[in-house]
Amino acid sequence: MRRKVTKAVFPVAGLGTRFLPATKSVPKEIMTLVDRPLVQYAIDEARAAGIKEFIFITSRGKSALEDYFDESPILERELRKKGKLDILEDLKSTNMESGAIAYMRQHKALGLGHAVWCARRLIGDEPFAVMLPDDVISAEKPCLQQMVEAYEETGGNMVAAMEVPRERTSSYGILDVQDDMGSLVSVKGMVEKPAAEEAPSNLAVIGRYILDPAVLRNLNKKQTGAGGEIQLTDAIAQEIDGTGVYGYRFRGQRFDCGSKAGFLQATVAFGLARDDLKDDLRGFLDSVMQIDNAAE
């Protein structure tokens, strides 16, 4: 029987420079998308997929992220006293059980592969997920849950994939497809951030992975790749002829919340999906469009 995926790694050590000056004192991962921080969306997705152990790769200045998952007895007591029980339930959903969450420090910014390698002792010899909170995915069935269900059939290594415009391939890891089976593709190669004319396809890897522990052994070689960093993509590619690599076309919409434009787009999309916000927000957006059209 294939072992279940119960551990997930969340690389959150980045400085968030694209969101300065806000990230001077606030970790990017707890910046709010509507009324929940980015990291909460990732945690909720992981829980839906059956993840039980959560490993965060952090760096200096991320203490607010750790505090976010702690209990807040005073706040809970005040909400209970004032009868705000619905808000209290939302608050409790952010708490993590003792022992379910661990924090590892990445002391030097040596790449995503290095960040995942930092968790090697906590992962051990088990399959594990990697989730990048910057990638927020709106889906009827959470993306990682879709992947776990597909992984139960394939094993090996699996990366979430989506088509991107050719001119954007230099921003992603790109799959070289061997067999296209619809939702699943078998992979014969992976290229990190290729120029458009050199990209083997336009099928890009985004921030969801299910990986065999053999990838950690590849990362242990500390080989550098694109940008002089230790690339996770390179370590996964070494398993194409070993444990195997698959791309999974997930069902849903991905927002790049590591960029300002993507963050704003996600805020609008998630706001419009809320019954308590959609009418006011849609009215505001309509008025903005009318003003823009009049100005033209």
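Helices (H or I, at least four residues) and strands (E, at least two) are DSSP runs, numbered from the N terminus. With that in hand, V34 can be placed in the loop between β2 and β3 (36-37). This is a predicted model, where local features need pLDDT of at least 70, side-chain atom pairs count only at pLDDT 80 or more, and totals for chains, interfaces and linings use all residues. Residues are numbered from 1 along each chain as its sequence is written, and side-chain values use heavy atoms, with hydrogens and water left out.

**Backbone oddities**

V34 isn't a glycine, yet its phi is positive, about 65°. K193 has a positive phi too, near 50°, and is likewise a residue other than glycine. K193 sits in the loop between β10 (184-192) and β11 (203-211). There's also a cis peptide bond, joining L20 and P21, with omega about 10°. P21 belongs to the loop between β1 and β2.

**Buried or not**

The table lists relative accessible areas; buried means under 20%, exposed over 50%, and partly exposed in between (1.4 Å probe, protein chains only).

| Residue | Relative accessible area | Class |
|---|---|---|
| F10 | 0% | buried |
| F54 | 4% | buried |
| K28 | 11% | buried |
| I174 | 0% | buried |
| V34 | 26% | partly exposed |
| K193 | 46% | partly exposed |

K28 is found in the loop between β1 and β2 (32-33). Contact here means heavy atoms within 4.5 Å. Setting aside neighbours within four places in sequence, K28 touches G16, F19, T23, L38 and D134.

I174 is part of strand β9 (residues 173-180). Again leaving aside neighbours within four places in sequence, its contacts include T169, G189, M190, V191, P194 and L203. I174 and I137 are 37 residues apart in sequence, and their C-alpha atoms are 19 Å apart in space.

**Rings and charges**

Now for the aromatics. Rings of Phe, Tyr and Trp (its six-membered ring) pair if their centres lie within 6.5 Å; planes under 30 degrees apart count as stacked, over 60 as edge-to-face and the rest as tilted. Searching the whole structure turns up eight aromatic pairs. One of them is F10 with F54: the ring centres are 6.2 Å apart and the planes are at 25°, so this pair is stacked. It joins distant parts of the chain, since F10 is in strand β1 (residues 7-11) and F54 is in strand β4 (residues 53-58), 44 residues apart. Ring pairs also tie F10 and F54 into a cluster with F56, Y68, F69 and Y103.

Two arginines have their charged ends over rings, which calls for NZ of Lys or CZ of Arg within 6 Å of the ring centre and within 35 degrees of the ring normal. R36 sits over Y41, 4.0 Å from the ring centre. R120 does so over W117, at 3.6 Å from the centre.

**A helix pair**

Helix α3 (residues 73-81) and helix α4 (residues 85-92) have axes that come within 8 Å and cross at roughly 155°. Axes are lines fitted to C-alpha atoms, for helices over the stretch in contact, with angles running from 0 to 180 degrees between N-to-C directions. Angles under 35 degrees count as roughly parallel, over 145 as roughly antiparallel, 65 to 115 as roughly perpendicular and the rest as oblique. So α3 and α4 are roughly antiparallel to each other. On the α3 side, L75, E76, L79 and R80 make the contact, while α4 supplies L85, I87, L88, L91 and K92.
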